[in-house]
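The following paragraphs offer a guided reading of one protein chain. The reader is invited to keep the sequence and the structure in view throughout.

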Amino acid sequence: MAEANSTARHPKFKDLTGQQFGLWTVLHEAPRRNGKVRWLCRCKCGRERAVVATRLICGRSRCCGCPLGIVCGKKHGLSR
């Protein structure tokens, strides 16, 4: 019998807790927004932010935008 507090999971749901993506470390699942799975992540600089799972997995979000982000590819050289 299922617990009353358990939530329905999609069969392809991946638990990302504890995994590292760039400078992000995944802490736990965050509330969904617009039906998208989000994870609360902590950057190496200490800032925490909810990040959409697909952005983590495909590499589109690798840090919070802090100066440490140069390490994870935020420096692009396209500004004037």
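In the hairpin formed by S3 and S4, five residues lie between the strands, and Gly46 adopts a positive phi near 105 degrees. The model in which this turn appears is a predicted one. From this hairpin the reader may work outward to the rest of the chain.

The protein chain contains four strands and one helix. Along the sequence these elements follow the pattern β-β-β-β-α. The four strands make up an open sheet in the order S1-S2-S3-S4, and their pairing is antiparallel. At its edges are strand S1 (20-21) and strand S4 (48-52), each of which pairs on one side only. As a general matter, the strands of a sheet pair through backbone hydrogen bonds, in either a parallel or an antiparallel manner.

The sheet can be followed strand by strand. S1 and S2 run antiparallel and are joined by two bridges; in this pairing Gln20 stands opposite Thr25 in S2. The hairpin of S1 and S2 has two residues between the strands, and here Gly22 takes a positive phi near 65 degrees.

Strand S2 (residues 24-33) then pairs with strand S3 (residues 36-42) in the antiparallel sense, over six bridges. Two facing pairs help to locate this part of the sheet: Thr25 stands opposite Arg42 in S3, and Ala30 stands opposite Arg38 in S3. Thr25 thus appears in two pairings, since it faces Gln20 as well as Arg42. Between S2 and S3 the hairpin again has two residues, and Asn34 takes a positive phi near 55 degrees.

The pairing of S3 with S4 is likewise antiparallel, with five bridges joining the two strands. Leu40 stands opposite Ala50 in S4.

Attention may now turn to the interior. Which residues of the largest nonpolar core touch the most other members? This core has 15 residues, and those with the most such neighbours are Leu16, Trp24, Val26, Trp39, Cys41, Cys43 and Leu56. The elements that supply two or more residues to the core are S2, S3 and helix H1 (53-57). S3 gives the most, with three residues. Over the protein chain as a whole, buried residues make up 26% of the 80 residues.

Ser61 lies in the segment after H1. Is this residue buried or exposed? Ser61 counts as buried because its relative accessibility is 10%, and the limit for a buried residue is under 20%. The side chain of Ser61 makes a polar contact of 2.9 Å with the side chain of Trp24. Apart from neighbours within four places in sequence, Ser61 is in contact with Trp24, Val51, Arg55 and Leu56. Two of these partners, Trp24 and Leu56, are also among the core residues that touch the most other members.

Arg42 offers a further point of reference, and its place is in strand S3. The C-alpha atoms of Arg42 and Trp24 are separated by 5.4 Å, although the two residues are 18 residues apart along the chain. With neighbours within four places in sequence left aside, Arg42 is in contact with Leu23, Trp24, Thr25, Leu27, Arg47 and Glu48.

How many salt bridges does the structure hold? It holds one salt bridge, in which the side chains of Arg42 and Glu48 meet at 2.5 Å, N to O. In general, side chains of opposite charge can pair when their charged atoms come close. How accessible are the two partners, and what category do they fall into? Arg42 counts as partly exposed because its relative accessibility is 37%. Glu48 is partly exposed as well, because its relative accessible area is 38%. Both values fall between the 20% limit for buried residues and the 50% limit for exposed ones.

Two further values describe the protein chain as a whole. Of the contacts with a separation of 6 or more, 25% are between residues 24 or more positions apart. The accessible surface comes to about 6,200 Å², and carbon and sulfur atoms account for 51% of it.

How values were computed. Residues numbered from 1 in each chain as written. Predicted model: local features only at pLDDT ≥ 70, side-chain atom pairs only at ≥ 80, totals over all residues. Heavy atoms only, no water. Pairing = 2+ DSSP bridges. Core = buried A, V, L, I, M, F, W, Y, C linked by side-chain atoms within 4.5 Å. Buried < 20%, exposed > 50% of the residue type's maximum accessible area, 1.4 Å probe, protein only. Polar contact = N/O pair within 3.5 Å; in protein donor to acceptor, adjacent residues only side chain to side chain. Contact = heavy atoms within 4.5 Å. Areas by Shrake-Rupley, 256 points an atom, 1.4 Å probe, with all protein chains shown as cover. Salt bridge = Lys/Arg side-chain N within 4 Å of Asp/Glu carboxyl O.
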